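This briefing concerns the ligand site, the pocket around it and the enclosed cavities of one protein model. Please keep the sequence and the structure in view while reading.

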Amino acid sequence: ETVTSRLAGFHKLPMEERLAQLARMFRLTPEELQQLRGNESLEPVLANQMIENAVGTFSLPLGLGLNMQVNGRDYLVPMAVEEPSVVAAVSFAAKIVREAGGFTAEADDSMMIGQVQVTRYGDPTVASERILEHKEQILALANSFHPSMVARGGGARDVEVRVLPAPEGPRGEPLLVVHILIDTQEAMGANLINTVAEGVAPLIEQITGGKVYLRILSNLADRRLARAMCRIPLAQLADFKMPGEEIAEGIAQASRFAQADPYRAATHNKGVMNGIDSVAIATGQDWRAIEAGAHAFACRRGQYRPLSTWHLEEGHLVGRIELPMALGTVGGPIKVHPGVQMSLKLMRTTSVRELAMVFAAVGLAQNFAALRALGSVGIQKGHMALHARCVAVTAGARGHWVEKIANLLVKAGHVKVEKARELLASLPP
Ligand code: NDP
C-alpha cells in the first residue's frame, strides 16, 4: 500500500487492525509494531540514562492524526496526548482542509538566538559600537567551537546588540544584550548555542571592558518561524444544519475576539498548542521550549494575541498561523527514544523544516476544529461524547462496557462519574 493519510474508517477499527494496516503500509517489523503498542518503547535502562533519579517510565496514549496534507504531501501525524478529542479534532479539520486543497506551509532556516548579558560596560553606545566593530572576530570565535556545524552549512551568522532600559528605572544601568544568530541545521540547538554563548563571553568582556553574566539561548526563536495557511470555500463549511457562511462567520468572530482580548487569546492558543504539543511529545521535541516560544511570540507587540487568525475572503474562509518552531530531527532524546524513532518514521518528514511546516499545519487544524464548534453549536456536545469514555473508566467500567456506559451517559445527558457508577451498578452481574 502507498502511504496516504486518508485512512477511511480507521477510527472504527480495533487497535490490532489499525496496527496491521500500518504494518502493511510502512512494512513494519514485529519489533516496530511492538514499539508502537508501547509495551517496550522505552526500556528502564534507557530511561535511567536520560534523566536523574529515574524510577521508571510514564506512558501516554499515542494516536494518529489523519487526513493531513501539507504542500501536497500526505502526513500521518503521531500524537501523544492524554486529552480526548485532540486527535479527532485534528483529523476532522484536516479532512475538510484536504478537500479544499490542503494546507500550504513554509518554515525559516534553523536560525536560533544565543544571548550574552553584558554589565559594567561604561557608555552603551560606545560598547555597542565596539562589539559591532569586532563582529567578524566574534563570529570566527563562535564557529571555532563547532566546526562540524559549519561543515554542514550551519554555524554563527550574525551578531546583534540590544540596549534595553533598566527595569529599576532611569538610574539603573541599561541592559546590554548581545545576540549571536546561529544556524543549527537539523538540531533544536540548545546545547550548541549555550556552548557558543559561553565560549564568546570572554571575548565580549575583553571588547567592552564589562562583566558578562548570563550566556544562554533565547526560547523566543523568532528567526525560526513556521507558517501555515488554508483556504476553504464557504459552501464546504455547511454543517449543524447551518449554511457555510454562518459557520465561517462564527469562526471569523472567534478570531476577532481573540485578537482583541488576551483572556480569549490564551484559550485560543491553548487549543493551537493541544495539537502542536501532542506531535511534539510523540516526536521527542522539547515541548516546553516550543510553548515558551509560542507564548512569548504571541505577546511580541505588547499585547498577548492569537497565534492564528481567520477571516473571510472572496467566498472563502482563510486561516493563517505563524509561530516559532525550534525543532530537531537530531539531538536531545530523538535518536535515543525508540518510540520517537517510530513516530518520525510514520511522519516521513525528511528535514526539520518540513517537520516544522507539519507542526504549524497541525496547530491551525486544531484551532479550526475548536473555532468551528465554538462559533456555532459549542464544543460540549462533541467533547462530552469523548469525555464520557474517560468518565466511564473512572467509574470502574472496563472492556466493552466502557463504550456502552459512555453511550448511556451521553444519552442521559448527564456525563458524571456518579451517574456512571449508578449505571454500572444497575448492570446484570
Ligand atoms: P544536542 O546537544 O544533542 O546536539 C545536537 C547535535 O547533533 C549537534 O550539536 C551536532 O553535533 C549533531 N548533529 C548531527 N547531525 C546534525 C545535523 N544535520 N544538524 C545539526 N546537528 C547535527 O541537541 P541540541 O543542541 O539540539 O539541544 C537540544 C536539547 O537541549 C533538548 O533536549 C532540550 O531539552 C535541551 N535544552 C533546552 C534548553 C532551552 O530550551 N532553554 C536549555 C538547555 C538544554 P556534531 O556537530 O558534533 O555532530
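How many nonpolar, polar and charged residues does the lining of the largest cavity have? That lining has six nonpolar residues, one polar residue and four charged residues. The model is a predicted one, and the points below take up the ligand, its pocket and the cavities in turn.

**The ligand and its polar contacts**

- The ligand is surrounded by 21 residues, and the closest of them are His146, Ser148, Gly189, Asn191 and Asp286.
- In the side chain of Asn191, an N or O atom is 2.7 Å from an oxygen atom of the ligand, and a polar side-chain atom of Asp286 likewise lies 2.7 Å from a ligand oxygen atom.
- For Arg152, the distance between an N or O atom of the side chain and an oxygen atom of the ligand is 2.9 Å.
- The ligand taken alone exposes 940 Å², of which the protein buries 68%.

**The shell and the pocket**

- The pocket in which the ligand sits is the second largest, and the elements that give two or more residues to the shell around the ligand are α7 (147–151) and α8 (190–208).
- The largest share of this shell, four residues, comes from α8, and by class the shell has eight nonpolar, 10 polar and three charged residues.
- The second largest pocket holds about 330 Å³ of space, and 20 residues line it, the closest to its centre being Met188, Gly189, Val330, Gly331 and Gly332.
- Helix α8 also gives the largest share of the lining of the second largest pocket, namely three residues, while the lining as a whole divides into eight nonpolar, nine polar and three charged residues.

**The cavities**

- There are two cavities of 30 Å³ or more, and the largest has a volume of about 60 Å³.
- Residues that line the largest cavity include Asp108, Asp109, Arg224 and Arg353, and the largest share of its lining, three residues, comes from helix α13 (residues 352–374).
- The second largest cavity holds about 30 Å³ of space and is lined by Ala142, Asn143, His146, Gly155, Ala156, Ile182, Leu192 and Val196.
- At least two residues of the lining of the second largest cavity are supplied by each of α6 (135–144), β5 (155–164) and α8, and this lining divides into five nonpolar, three polar and no charged residues.
- His146 is among the residues closest to the ligand, and His146 also lines the second largest cavity.

Definitions and conventions. Residues numbered from 1 in each chain as written. Predicted model: local features only at pLDDT ≥ 70, side-chain atom pairs only at ≥ 80, totals over all residues. Heavy atoms only, no water. Near = heavy atom within 4 Å. Polar contact = N/O pair within 3.5 Å; in protein donor to acceptor, adjacent residues only side chain to side chain. Areas by Shrake-Rupley, 256 points an atom, 1.4 Å probe, with all protein chains shown as cover. 1 Å grid on protein atoms, 1.4 Å probe; cavity = no way out; pocket = protein on both sides within 12 Å on 5 of 7 lines; lining within 4 Å. Sits in = over half its atoms within 2 Å of the grid points. Nonpolar A, V, L, I, M, F, W, Y, C, P; charged D, E, K, R; others polar. Points joined across faces, edges and corners; volume = space filled by probe spheres on them.
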